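Open the structure in your viewer and keep the selection tool ready. We will go stop by stop.

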Amino acid sequence: MAVRLTPRGGRDLLEAGTPEHFAARVSAPPVDGAANAALLALVAKTFGVSRGAVRIVGGDTARLKRLFVVGEPAALARIAASLYGQQA
């Protein structure tokens, strides 16, 4: 999945972005991987998986990141659709 990350965004929130990516805000600063760690924890919590089931596969130092989430595909798709206000 693709996520556009905004560090120091006030509060931790994952929401619908564009059709190409989700939008995430984390309160952590982009220093020493703190924002990335906060993003991984946020995505894990949102999708109901363990923190170890989420990893960054692209864009480690960029705002636009590619994530891989391990889980049951239908359940992950339902949660993703719900972020966009759709039912899957």
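**Stop one: helix 1**

Select residues 34-47. This is helix 1, with 14 residues. From its first C-alpha to its last it reaches 20 Å, close to the 20 Å expected at 1.5 Å a residue. Keep in mind that this model is predicted.

Now show the side chains of helix 1. Which of its residues are buried? They are Ala-35, Asn-36, Ala-38, Leu-39, Leu-40, Leu-42, Val-43, Ala-44 and Phe-47.

What do these buried residues pack against? Select strand 1 (2-6), strand 2 (13-18), strand 3 (21-25), strand 4 (54-58) and strand 5 (64-69), then add helix 2 (73-83). The buried residues of helix 1 pack against each of these elements.

Step on to Gly-48, which follows helix 1. The phi of Gly-48 is positive, near 70°.

**Stop two: strand 1 and its partners**

Select strand 1 together with strand 5. They pair in the antiparallel sense, over 3 bridges. Pick Arg-4: opposite this residue stands Leu-64 in strand 5.

Swap strand 5 for strand 3. Strand 1 and strand 3 run parallel, joined by 4 bridges. Pick Thr-6 and look across to Arg-25, its bridge partner in strand 3.

**Stop three: a surface patch**

Select Val-57, Phe-68 and Val-70, and turn on the surface. Together they form a nonpolar patch with about 270 Å² of accessible area.

End on Val-70, in the loop between strand 5 and helix 2. Why does Val-70 count as partly exposed? Its relative accessibility is 47%, and partly exposed covers the range between 20% and 50%.

Notes
Residues numbered from 1 in each chain as written. Predicted model: local features only at pLDDT ≥ 70, side-chain atom pairs only at ≥ 80, totals over all residues. Heavy atoms only, no water. Helix = DSSP H or I, 4+ residues; strand = E, 2+ residues; numbered from the N terminus. Expected span 1.5 Å × (residues − 1). Buried < 20%, exposed > 50% of the residue type's maximum accessible area, 1.4 Å probe, protein only. Contact = heavy atoms within 4.5 Å. Pairing = 2+ DSSP bridges. Patch = residues over 30% accessible without salt bridge, like charges linked within 9 Å, V, L, I, M, F, W, Y side chains within 5 Å. Areas by Shrake-Rupley, 256 points an atom, 1.4 Å probe, with all protein chains shown as cover. Salt bridge = Lys/Arg side-chain N within 4 Å of Asp/Glu carboxyl O.
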